[in-house]
Amino acid sequence: MKPHMLVLAAGLLFAAIPAGHAADTAAQPTPQSATQPSSAGVYRFAVGDLRVAALSDGTLPLGIKPLVKGLPPERIDALLAERFERDPLETSINAFLIEAGPRLLLVDTGAGQLFGPYGGKLPASLAAAGYRPDQVTDILLTHIHTDHSGGLALDGRMVFPNATVHVGQADVDFFLDRGNLARGLQARHYDEAVATVGLYLKAGKVKPFAEQSEILPGVTAIPTPGHTPGHAFYRVASRGETIEFWGDIIHVGPVQFPHPEATVAFDIDQDAARAQRLKRFAEEAGSGQLTAAAHLGFPGLGRLRRDDDAYRWVPVEYRNRE
Ligand SMILES: [Zn+2]
């Protein structure tokens, strides 16, 4: 998502929140929270030999009708009503932790302090999962948007000082090049990218990829441009089991599964984002592929089914045992 749309969606609420407020609430984990074995912001599961956890960065009320492109407002209301929901739709910001032997991987980092009163809970969720930010060895960014890369920095410092940041080269090229201000990049997005990803770039800690490739043992980066130029999936495999992290190929489940042709205002290239979703959904539906999505209701885990031209998301059953 793009921050300016969220500001619009939330009725300019963020603008009234002093920056320091968010900084306080998104502070480093406390010893108390680290001793709690579980919380609503952590959902553990296994993929082969890997222990994986969905980590909540929080939720926010997202205005859907100003966001979705290509559907009449009454159709959007009807789709939400089918789910006993209404606009604005409470929308999750999910990140994911993968314990992979000596490595600790984090898929996306939440919004940090950049969404005002919303988001910024990732450090607390990480602590509840039993880890400190300095233990994270690798960050897999699905793309450079504030709700995915905003958590990289706090008060001008790297939150994950020992981590290498993996990200699509095309997103680095787009969001961190001032020259793109004349080509559709907004000044605020440039500034936020510099303040977050830019810190790691300066420190020599960014490893971009341009093509589908195995960037770490068992971890494949799959470029899926459209929502952003360098948007990527990550496929993680262990002992014959796989999971794919889908980032922002889907934002509004109740609307875009029945209407996968509908785009959102956050999509930088509307046509490419639509084509990418239609292609990937067609490929994945019915495969049984376990999938993790950034903005479907926490923990954002499920599988896809095809229903003529529409799709159905089947969330995983809740499991709470070892
Ligand atoms: Zn997003």
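Student: How many of the 322 residues of the protein chain count as buried, as a percentage?

Tutor: The answer is 47%. Keep in mind that this is a predicted model.

Student: What makes a residue buried?

Tutor: Count the other C-beta atoms within 10 Å of its own. With 20 or more, the residue is buried. In helix H8, His189, Glu192 and Ala193 are buried, so each has at least that count.

Student: Why do the buried residues of H8 line one face of the helix?

Tutor: Look down the axis of H8. Its buried residues fall within an arc of 100 degrees, so they line one face. The face turned away from that buried side carries Ala187 and Asp191.

Student: What makes Ala187 and Asp191 exposed?

Tutor: Exposed means 12 or fewer C-beta atoms within 10 Å. Ala187 and Asp191 are exposed, so each meets that limit.

Student: Which helices do the buried residues of H8 pack against?

Tutor: They pack against H6 (146-149), H7 (169-175) and H9 (197-202).

Student: Why is the set of 78 residues called a nonpolar core?

Tutor: Such a set holds buried residues of listed types, including Ala, Leu, Phe and Tyr, joined through C-beta atoms within 7 Å. The largest core has 78 residues, and Ala53, Leu55, Phe96, Leu97 and Tyr234 have the most contacts inside it. Strand E4 (residues 89-100) gives the most to this core, with seven residues.

Student: How do you know that Leu97 touches Ala53?

Tutor: Contact means C-beta atoms within 7 Å. Leu97 touches Ala53, so their C-beta atoms meet that cut-off. Leu97 also touches Val52, Leu55, Leu106, Leu126 and Ala129.

How values were computed. Residues numbered from 1 in each chain as written. Predicted model: local features only at pLDDT ≥ 70, side-chain atom pairs only at ≥ 80, totals over all residues. Helix = DSSP H or I, 4+ residues; strand = E, 2+ residues; numbered from the N terminus. Arc of directions from axis to C-beta. Contact = placed C-beta atoms within 7 Å. Lists of a residue's contacts leave out its neighbours within four places in sequence.
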